[in-house]
Amino acid sequence: MKLHVYKALWGMEGTYEEQLGKASAAGYYGIEAPLPPENDEHSFKQLLKRYDLSYIAQIVTHGDHSSSFAELVKRAATFQPVHIVAHSAKDSMSEDDQDRFYEQALRVEQEWEIPIGHETHRGRAMFTPWTTARLLRKFPELRITADFSHWVNVCESHLEDQEEDIALAVSKTIHIHGRVGYPEGPQIPHPASPYFQKELKLFMGWWQDIFRHQKDNGRANATFTAEFGPPGYMHTDPFTNKPIADLWEVNEWMADMVKENFNRLEWKGKLEG
């Protein structure tokens with residue numbers, strides 16, 4: 001199994017050409033980003049070809065969530081993405097409404113035959129381990145994009161009491177968002193910080209389990225996006241509001257750490273934090 005690392009455009013500055021050119025020059029396999037504005041669609045597709053970058057499309061449902069999902073997947077399909085990452089439904093929906101949404105979502109996925117990973121995101125139906133586990137048990141065909149930073153934050157814990165539900169999520173993961181959270185927030189200041197080594201090792205262990213499961217089940221490629229975000233997620237100086245770290249460097253550090261440890265997984269059968 002090979003590791004394909006994607007560059008999140010979230011927080012990057014400049015034109016699409018500058019962003020994709022920088023991602024290509026840095027050696028990324030592809031990019032992950034929301035669908036571009038409609039008037040940029042053609043140029044965006046041309047840039048993907050020019051820089052030989054694969055694409056993971058992000059979509060966010062809204063309003064009538066089922067109709068929104070169908071429309072967004074149809075549009076995303078025109079970009080021929082490797083995966084679609086979906087912020088799906090809402091945490092405030094009743095279980096019956098969530099079930100109706102995912103029944104329809106699975107029909108849409110079957111129609112377009114594009115792997116869709118429903119993200120474990122705050123504010124969405126899969127915002128906790130247990131809400132996600134309920135859906136995964138009811139709809140075994142569902143697959144997720146694992147961003148456990150949200151769960152750690154929502155649950156205000158290191159999820160010590162959620163091992164069974166996490167194991168189920170691991171088995172259903174098709175893509176990883178590599179951001180490290182902590183009980184008081186969705187993003188630690190820097191993954192190299194000596195003050196957050198407990199969280200780093202915890203997340204590396206979860207990602208290890210995902211890679212192992214994928215490899216054991218014959219998957220040819222694993223996909224990973226380092227997804228530390230800009231201010232709003234990144235901590236800032238309280239008096240200047242300037243970010244306390246360089247976003248590009250933070251995500252490069254995270255991606256390099258995962259690549260290094262993935263190679264150990266491939267050849268030694270273990271990862272080290």
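This passage walks through a central strand, a long-range helix and the aromatic pairs of a predicted model.

A good place to begin is strand 4. All five of its five residues, 83-87, are buried, so this strand is largely enclosed by the rest of the structure. Its side chains alternate: H83, V85 and H87 point one way, while I84 and A86 point the other way. On one pairing, strand 4 joins strand 3 (residues 54-60) in the parallel sense over five bridges, with Q58 standing opposite V85. Between these two strands the chain passes through helix 3 (residues 65-77), and the resulting β-α-β crossover is right-handed. Strand 4 also pairs with strand 5 (residues 116-119), again in the parallel sense, over three bridges. Here A86 stands opposite H118. Strand 4, helix 4 (residues 95-112) and strand 5 likewise form a right-handed β-α-β unit.

Helix 8 comes next. With 20 residues (197-216) at 1.5 Å a residue, helix 8 should span 28 Å, and the 28 Å between its end C-alpha atoms agrees with this. Its buried residues are E199, L200, F203, M204, W206, W207, Q208, I210, F211 and Q214. Residues three or four places apart on an α-helix point the same way, because there are 3.6 residues a turn. Just after helix 8, G218 adopts a positive phi of about 80 degrees.

Two residues of this helix return in the nonpolar interior. The largest nonpolar core holds 77 residues, and W207, F211 and M254 have the most contacts inside it. Helix 9 (residues 247-268) gives the most to this core, contributing eight residues. Beyond its neighbours within four places in sequence, F211 touches M1, L3, I176, A222, F224, V258, F262 and L265.

Aromatic rings offer another view of the fold. The model contains 16 aromatic pairs. One of them, between F148 and W206, is edge-to-face, with 5.5 Å from centre to centre and 85 degrees between the planes. This pair links distant parts of the chain, since F148 lies in helix 6 (residues 148-155) and W206 in helix 8, 58 residues apart. Both F148 and W206 are buried. The rings of Y182 and F196 also have centres 5.5 Å apart, and their planes meet at 70 degrees, so this pair too is edge-to-face. Y182 and F196 both sit in the loop between strand 7 (173-178) and helix 8, 14 residues apart. Y182 is buried, at 15% relative accessible area, and F196 counts as buried at 17%. Finally, ring pairs join F148, W151, F203, W206, W207 and F224 into a cluster.

Note on methods. Residues are numbered from 1 along each chain as its sequence is written. Side-chain values use heavy atoms; hydrogens and water are left out. Helices (H or I, at least four residues) and strands (E, at least two) are DSSP runs, numbered from the N terminus. The expected span of a helix is 1.5 Å times one less than its number of residues. Buried means under 20% relative accessible area, exposed over 50%, partly exposed in between (1.4 Å probe, protein chains only). A nonpolar core is a set of buried Ala, Val, Leu, Ile, Met, Phe, Trp, Tyr and Cys residues joined through side-chain atoms within 4.5 Å. Contact means heavy atoms within 4.5 Å. Two strands pair if DSSP finds at least two bridges between them. A crossover is right-handed if, with the strands pointing away from the viewer, the path from the first strand over the helix to the second runs clockwise. Rings of Phe, Tyr and Trp (its six-membered ring) pair if their centres lie within 6.5 Å; planes under 30 degrees apart count as stacked, over 60 as edge-to-face and the rest as tilted.
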